[in-house]
Amino acid sequence: MPVSVVRFNLVEPGATPASLSARYRAALEMAAYADEHGITTVQTEEHHGVANNWLPSPFAFAGAVFGATRHIAVTVSAVIGPLHDPLRLAEDIAVLDLLSGGRLVTVAGIGYRPEEYAQFDVEWKQRGRLQDELLKTVLKAWSGEEFEYRGRTVRVTPRPFSDPHPLLLVGGSSKAAARRAARLGLPFFPSAHLPDLEAYYKDRLVEYGTEGWTMMPGAETPLLHIAEDPDRAWAEYGAHFLHEARTYASWQSGDIRSAVKSGATTVAELRAEGVYRILTPDECVALGLDNLVLHPLSGGMPVDEGWRSLRLFAERVLPRLGE
């Protein structure tokens with residue numbers, strides 16, 4: 001059975017507090033509906049100071065999702081590790097792991113926006129060192145035992161639900177990220193389909209004498225929207241997808257590799273490119289993908305249209321995927 005994902009970043013350009021509150025509540029209702037219909041995962045992410053209101057607090061959102069659901073996992077992909085206090089992050093993840101019974105998956109990356117580091121007064125050039133410290137610290141913290149941290153003895157409680165610890169992956173598209181994951185014996189989450197980097201990670205596991213595995217996007221991992229009439233949906237809502245694609249493109253330099261990286265500058269180019277796809281239920285089933293990522297509220301998509309997409313996916317795509 002393919003993995004099914006509903007992605008939320010809660011973007012809404014020009015939002016009012018009232019409209020954004022309605023969008024957040026709708027996302028929680030969608031998560032509950034997804035849970036009831038057997039969708040595997042809610043995926044969310046972290047960005048700061050973005051004019052279009054990109055979600056900055058993925059763990060707060062994850063906690064709300066866990067309160068509204070019983071089975072679905074939440075993947076934070078990714079938390080920008082160096083922007084967080086390691087001890088506090090260990091506590092927050094432990095509490096969410098306990099609340100959810102082990103349904104939280106955290107991918108730790110270092111980000112690619114220097115302005116986010118500046119906002120939190122964190123030195124951009126120190127991001128690798130800070131990420132190493134954070135990962136080592138949370139792993140020690142989740143033991144529940146005392147340990148030395150920045151010259152003092154500390155202890156983090158409570159211990160998480162998951163044994164030996166909550167699922168934590170190292171994300172990225174660089175050899176440095178792959179080495180970091182292998183050195184710490186953590187799973188690796190490449191940000192795109194990068195078989196050569198996966199092979200490099202496996203070689204480093206052997207070098208360091210550690211164990212790990214890779215969770216890598218497929219060669220084809222489009223962001224999906226389901227509609228009865230894709231031509232109409234592209235005409236009416238294509239600008240929302242383009243807004244998100246252009247926002248990502250403005251952040252990602254040429255050496256950043258991502259499954260959602262787009263070079264499109266118009267809706268027509270975006271449609272032809274295939275990173276974002278609007279499909280009928282039949283077309284979605286026919287894709288035959290192992291990982292289906294639905295993006296119902298992409299780029300400030302009207303909530304009603306997001307619901308139409310989600311319902312079509314849950315009722316007319318998902319039941320047919322196991323056939």
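Ala78 lies in strand β3, which covers residues 73-80, and in this predicted model the residue is a good place to begin, since the peptide bond that joins Ser77 to Ala78 is cis, with an omega of about 15 degrees. A cis peptide bond also links Asp163 to Pro164, with omega near 10 degrees. Pro164 sits in a loop, the one between β6 (152-154) and β7 (167-172). A further backbone feature concerns Leu10, which has a positive phi of about 60 degrees although it is not a glycine; Leu10 belongs to the loop between β1 (3-7) and α1.

From the backbone we can turn to the way helices pack, taking α1 at the end of that loop as the starting point. Helix α1 (residues 17-36) and helix α11 (residues 303-317) have axes that come within 11 Å and cross at roughly 5 degrees. Angles under 35 degrees count as roughly parallel, and α1 and α11 are therefore roughly parallel to each other. On the α1 side the contact is made by Arg23, Ala26, Glu29, Met30 and Tyr33, and on the α11 side by Val303, Gly306, Trp307, Leu310, Arg311, Ala314 and Glu315. Sorted by class, the residues of this contact of α1 with α11 comprise 7 nonpolar, 1 polar and 4 charged.

The next pair is helix α2 (residues 58-68) with helix α3 (residues 86-100), whose axes come within 10 Å and cross at roughly 10 degrees. That angle makes α2 roughly parallel to α3, and the crossing of α2 and α3 is left-handed. Phe59, Ala62, Gly63 and Phe66 are the residues of α2 that meet Leu89, Ile93, Leu96 and Ser100 of α3. Here the contact of α2 with α3 has 6 nonpolar and 2 polar residues, and no charged residues.

A third pair is formed by α5 and helix α6 (residues 175-184), which pack at an angle of about 25 degrees with their axes 11 Å apart. With that angle, α5 is roughly parallel to α6, and the crossing of α5 and α6 is right-handed. The residues that meet are Gly128, Gln131, Asp132, Leu135 and Lys136 in α5 and Arg180, Arg183 and Leu184 in α6. By class, the contact of α5 with α6 divides into 2 nonpolar, 2 polar and 4 charged residues.

Two of the helices already met, α3 and α5, return in the description of the interior space. The structure holds 1 cavity of 30 Å³ or more, and the volume of the largest cavity is about 30 Å³. Its lining consists of Val79, Leu89, Ile93, Thr106, Ala108, Leu134, Leu135, Val138 and Leu168. The elements that give two or more residues to the lining of the largest cavity are α3, β4 (104-109) and α5 (127-141), and the largest share, 3 residues, comes from α5. By class, this lining has 8 nonpolar residues, 1 polar residue and no charged residues.

Some residues link the cavity with the helix contacts described above. Leu89 and Ile93 line the largest cavity, and both are also among the residues of α3 that meet α2. Leu135 likewise lines the cavity, while in α5 Leu135 is one of the residues that meet α6.

Notes. Residues are numbered from 1 along each chain as its sequence is written. This is a predicted model: local features need pLDDT of at least 70, side-chain atom pairs count only at pLDDT 80 or more; totals for chains, interfaces and linings use all residues. Side-chain values use heavy atoms; hydrogens and water are left out. Axes are lines fitted to C-alpha atoms, for helices over the stretch in contact, and angles run from 0 to 180 degrees between N-to-C directions. Helices (H or I, at least four residues) and strands (E, at least two) are DSSP runs, numbered from the N terminus. Angles under 35 degrees count as roughly parallel, over 145 as roughly antiparallel, 65 to 115 as roughly perpendicular and the rest as oblique. A crossing is left-handed if the near helix is turned anticlockwise from the far one by less than a right angle, and right-handed if clockwise. Contact means heavy atoms within 4.5 Å. Ala, Val, Leu, Ile, Met, Phe, Trp, Tyr, Cys and Pro count as nonpolar, Asp, Glu, Lys and Arg as charged, and the others, Gly among them, as polar. On a 1 Å grid over the protein atoms alone, a cavity is a set of points where a 1.4 Å probe fits but cannot get out, and a pocket is an open set with protein on both sides within 12 Å along at least five of seven lines; lining residues have an atom within 4 Å of a point. Grid points are joined across faces, edges and corners, and a volume is the space filled by probe spheres set on the points.
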